[in-house]
Amino acid sequence: MSTPRVLVVDDEVDIRKLIEITLARMGVDTDAAENVERARERLASAHFDLCLTDMRMPDGTGTDLVRHIQSNHPDVPVAVITAYGNTDDAVECMKLGAFDFVSKPVDIHMLRKLVESALSLGRTPPAPDSPPRQTALVGDTAGIRQLRKTIDKLGRSQAPVYITGESGTGKELVAREIHAQGTRRDGPFVPVNCGAIPGELMESELFGHLRGSFTGANQDKEGLFQAADGGTLFLDEVADLPLHMQVKLLRAIQERAVRPVGAKAEVAVDVRIVSATHHDLAERVREGVFRQDLFYRLNVIQVTVPPLRERAADIPLLAQRLLSGIAQRYGLEQPPALTSDAIAQLQAHSFPGNVRELDNVLERAVALADSSQITASDLQVDPAPPAAIETGGDDADGLRGELEDIERQRIMEALQATRFNKTKAAERLGMSFRQLRYRTKKLGID
C-alpha cells in the first residue's frame, strides 16, 4: 500500500509546520500550498488522499477551494481549518461537500482523528451484507434508489444529517445505515429519543454528571455524547428538546465538547450528529419553539424518507423481508406467503403508519392465519378498491372522497361513543392512538 499524501493549504507557516509534523508522525506524506492558486496547481499535478485548507487566504477562501475540488477532483476529501468559535463558514463548506472541519488553535488529537477518518475513505470498504441490512431500504422505487445514493455520498462526509419523514417510515434505520456506510462504522451508534427523557434529567443523560452533583448522583456517570465518542449520536424526535437544552446542545455541537453536570471543565467529544423528527422543524422555528441557529447546525444535509404510500411497488419485497423477521420471532420454520389478493390489498392501503404499520398488520395476520398463506381476509385492512387503482382523474378522486367520508363518519361515531376520548376511540377502531391522530388531522376532524 502506498504512503498516503495530504495537501496542506494555509498562508501561516507555523500552522503548516504543525500539521506537517503531526502527519509525519502518522506516516503520512505532505505537500504545502500557501494560497488557493498554488493549491489548484498542486492538485492538478499530483494525486492527494486528502486536502486540509484554511478558510482565509490572500487570494481566496477555503470555500472557493472546496468548490474547485468538488468540481475537478471529487475523489479527494477536503477538510477546512476555521478560526475558533466561528463555524459558520465550515458549515457552509460541509453543505458544499467538505468532509469535516477542525478549529484553531488546532487540537492535535482531533486532527489525527479527522485525518484517519478521511484516509479510510480511500481504503476498500467492507463487502455489503447479504441480505441488505436495513428493512427501510428494501425496494427499487425511485425514492428508495435516491435514498440509497444519498447515503452512499454521506459516507464521504462527517457533516450533521437531518432526517425528515413521517412517523413509521424508518428514520432510525436510515440513520443506522448512514453510520454503517461511513468512516465511523467501527465506532458506536448511540440512539437517543429526545421525547422520552424527562426534562430535568436530559442534561445529565446527554452530557453525564459527577458524583454528588445533585441529589441521587451517587457515582460519576458518562453521558450519551461521551458514549458515542468516535461514532454517531442519533437524536430522534429532536423537535421535542426543551429550549434550555437546545442552547446546551448547540454549544456542544459548535465546540465539540461537553461539560458534565457538576464538572468545572469541558470534555472533548468526537461525534457525528444525525437527527430526525416527524415534525416540520422549520415550522417549529417559525413558531419560536425551536432555535433557528440550532436548526441551521443540525440541517447541514437533509435526507427525506419517502412514505410507504409513495412506494407501493416496494410492498411485496418489503413484506417478504418483514415476514422473515416475524417468522424468526415466532419460531416458524419458514415465513408465510402472501396471496396475490393480499398483496393487492396491501398495495391499495394508504398506510398512515407507514412501515411500522405494515409490520404490525403482517404480525397480526401471521397470528390469525389458518395456513401457511396469508390471504386478504387475514390482513384486516381497508379492502382494495379496484376503481381507485385502475382509473384516474375525476373517477378516482370521487371514489377517494367517498371513502374518506365513510372513514370520517366512522371516526366521529367512535369519538362520540367514547365521549371524545381518543385513546378509547382508537382501541374501538382497531388502530393506534398515533394513527387516529394522523387520520383525524388529515380528514379535518377537530
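**Exercise 1. Which residue forms a salt bridge with Arg 5, and how far apart are the closest N and O atoms?**

Before we start, keep in mind that this is a predicted model.

Step 1: Find the partner. Arg 5 pairs up with Asp 31, and their closest N and O atoms are 3.8 Å apart. A salt bridge needs the nitrogen and the carboxyl oxygen within 4 Å, so this pair makes the list.

Step 2: Place both ends. Arg 5 sits in strand β1 (residues 5–9) and Asp 31 in strand β2 (residues 29–33), so the bridge links distant parts of the chain, 26 residues apart.

Step 3: Check the cover. Arg 5 has 31% relative accessibility, so it counts as partly exposed. Asp 31 comes out at 16%, which makes it buried, because the buried class covers anything under 20%.

**Exercise 2. Work out what the salt bridge between Asp 100 and Arg 256 ties together.**

Step 1: Look at the contact. The two side chains meet at 2.7 Å, N to O.

Step 2: Locate the residues. Asp 100 is in strand β7 (residues 100–103), while Arg 256 is in the loop between α10 (243–255) and β13 (257–258), so the bridge ties together parts that are 156 residues apart in sequence.

Step 3: Compare accessibility with the classes. Asp 100 is buried at 5%, whereas Arg 256 is partly exposed at 21%.

**Exercise 3. Explain why Arg 286 and Glu 283 are separated by about one helical turn.**

Step 1: Start from the bridge. Arg 286 and Glu 283 form a salt bridge, with 2.8 Å between the closest N and O atoms.

Step 2: Count along the helix. The two residues are three apart in helix α11 (residues 281–287), and that is why about one helical turn separates them.

Step 3: Add the surroundings. Arg 286 is exposed at 58% relative accessibility, and Glu 283 is partly exposed at 32%.

Step 4: Turn to a bridge network. Asp 10, Glu 12, Asp 54 and Lys 104 are joined into one network by salt bridges that share partners. The full count for the protein comes to 23 salt bridges.

**Exercise 4. Is Thr 169 buried or exposed, and what does its side chain reach?**

Step 1: Find the spot. Thr 169 belongs to the loop between β8 (161–164) and α7 (171–181).

Step 2: Read the accessibility. The relative accessible area of Thr 169 is just 1%, so this residue is buried.

Step 3: Follow the side chain. The side chain of Thr 169 reaches the backbone oxygen of Glu 166 at 2.7 Å.

**Exercise 5. Which residues gather in a patch of negative charge on the surface?**

Step 1: Name the members. They are Asp 11, Glu 34, Glu 37 and Asp 59.

Step 2: Pick one and look around. Glu 37 lies in helix α2 (residues 36–45) and is partly exposed, with a relative accessible area of 41%.

**Exercise 6. Describe the protein as a whole, then span it with one pair of residues.**

Step 1: Count the elements. The protein has 20 helices and 18 strands.

Step 2: Take the dimensions. Along its principal axes the C-alpha trace spans about 75 × 55 × 45 Å, and buried residues make up 46% of the 446 residues.

Step 3: Choose the pair. Glu 413 and Ala 24 are 389 residues apart along the chain, and their C-alpha atoms are separated by 74 Å. Glu 413 is found in helix α18 (residues 393–417) and, at 43% relative accessibility, counts as partly exposed.

Methods
Residues numbered from 1 in each chain as written. Predicted model: local features only at pLDDT ≥ 70, side-chain atom pairs only at ≥ 80, totals over all residues. Heavy atoms only, no water. Patch = residues over 30% accessible without salt bridge, like charges linked within 9 Å, V, L, I, M, F, W, Y side chains within 5 Å. Areas by Shrake-Rupley, 256 points an atom, 1.4 Å probe, with all protein chains shown as cover. Lys, Arg positive; Asp, Glu negative; His and termini not counted. Charge placed at Lys NZ, Arg CZ, Asp CG, Glu CD. Helix = DSSP H or I, 4+ residues; strand = E, 2+ residues; numbered from the N terminus. Buried < 20%, exposed > 50% of the residue type's maximum accessible area, 1.4 Å probe, protein only. Polar contact = N/O pair within 3.5 Å; in protein donor to acceptor, adjacent residues only side chain to side chain.
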